[in-house]
Amino acid sequence: IVEKEYNGRPELVLDLGCGTGKMTLELAKRGYDMTGIDYSPEMLDVARENADLCGVSDKTLWLCQDMTDFELYGTVSAVISCLDSVNYLDSDGAEKFFSCCHLYLDPDGLLIFDINTEYKFENVYGENDFILENDTGEHLLAWSCGYDRSKKSCLFSLSLFSQNKNGTYTREDEQQTEYCHSDDFIRSTLEKCGFELLAVYGELSDTAPSPTSQRAHYVCRAIKG
């Protein structure tokens with residue numbers, strides 16, 4: 001949809017909050033020149049290993065930086081940020097993120113990102129608990145949500161149980177926080193930071209999000225000059 005409707009085929013693409021590079025590598029395999037930025041050196045180590053395994057090391061560059069305050073050698077023609085990375089930023093962080101993206105985008109360059117919707121925070125996360133297990137039973141994730149409606153933030157308490165060779169399990173705990181950003185906030189902040197909003201899509205859809213959509217995808221153009 002993006003290539004057909006908006007800007008042809010981007011030459012250089014930046015993936016912000018790339019993690020282990022799943023999306024970065026998929027695009028590299030399709031011929032894009034990719035730069036992946038993440039704050040975790042451990043995840044970037046995995047991304048580099050995966051790039052070698054996929055045979056696309058020559059088309060990928062990995063940088064350990066903050067997605068709200070990164071530096072590049074030049075501009076890029078498109079920026080992507082997937083898997084609700086923007087939800088991990090509070091309102092100030094989101095504005096810094098959009099401003100930095102605008103700085104390093106070519107004129108008319110595209111910014112494409114997704115967020116978890118207000119509906120998802122209110123009706124799916126809420127105060128709910130989840131148990132996720134892989135097909136082999138070697139890994140089990142206990143996931144507890146605590147959504148603070150007044151602060152528009154959700155605390156995730158995660159416990160990962162991994163099976164050892166002797167049948168015992170190792171437990172790892174961590175906490176994460178996501179922030180709920182309204183569509184009005186996203187639109188006004190994009191405009192403030194110099195973007196034209198081109199379209200908003202529902203998850204796995206080429207139509208606008210419905211009132212019960214759990215994820216929304218934004219396509220924006222950097223206006224310069």
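In this predicted model, the backbone nitrogen of D84 lies 2.7 Å from a polar atom of the D114 side chain. The D114 side chain also reaches a second backbone nitrogen, that of L83, at 2.9 Å. D114 itself sits in strand β5. Its relative accessibility is 5%, and because buried means under 20%, D114 counts as buried. Leaving aside residues up to four places away in sequence, the residues that D114 touches include S81, C82, V86, R215 and A216.

From D114 the picture extends to the neighbouring strands. The bridge partner of D114 in β11 is H217, and H217 is also among the residues that D114 touches. Strands β5 and β11 run antiparallel and are joined by 7 bridges. Strand β11 pairs with β10 (residues 195–202) as well, again in the antiparallel sense and over 7 bridges; here A199 stands opposite V219 of β11. How much of β11 is buried? Of its 8 residues, 7 are buried, leaving the strand mostly covered.

Helix α5 (residues 118–125) offers a helical view of the same topic. Its buried residues are K120, F121, V124 and Y125. Seen down the helix axis, these residues fall within an arc of 110 degrees, so they line one face of α5. A general rule helps here: an α-helix has 3.6 residues a turn, so residues three or four places apart point the same way. The buried residues of α5 pack against several strands, among them β5 (105–116) and β11 (215–222); β6, β7, β8 and β9 are packed against too. After α5 comes G126, with a positive phi near 50 degrees.

Conventions. Residues are numbered from 1 along each chain as its sequence is written. This is a predicted model: local features need pLDDT of at least 70, side-chain atom pairs count only at pLDDT 80 or more; totals for chains, interfaces and linings use all residues. Side-chain values use heavy atoms; hydrogens and water are left out. Buried means under 20% relative accessible area, exposed over 50%, partly exposed in between (1.4 Å probe, protein chains only). Helices (H or I, at least four residues) and strands (E, at least two) are DSSP runs, numbered from the N terminus. The arc is that of the directions from the helix axis to the C-beta atoms. Contact means heavy atoms within 4.5 Å. Two strands pair if DSSP finds at least two bridges between them. A polar contact is a pair of N or O atoms within 3.5 Å; within protein, one must be able to donate a hydrogen and the other to accept it, and residues adjacent in sequence count only if both atoms are side-chain atoms.
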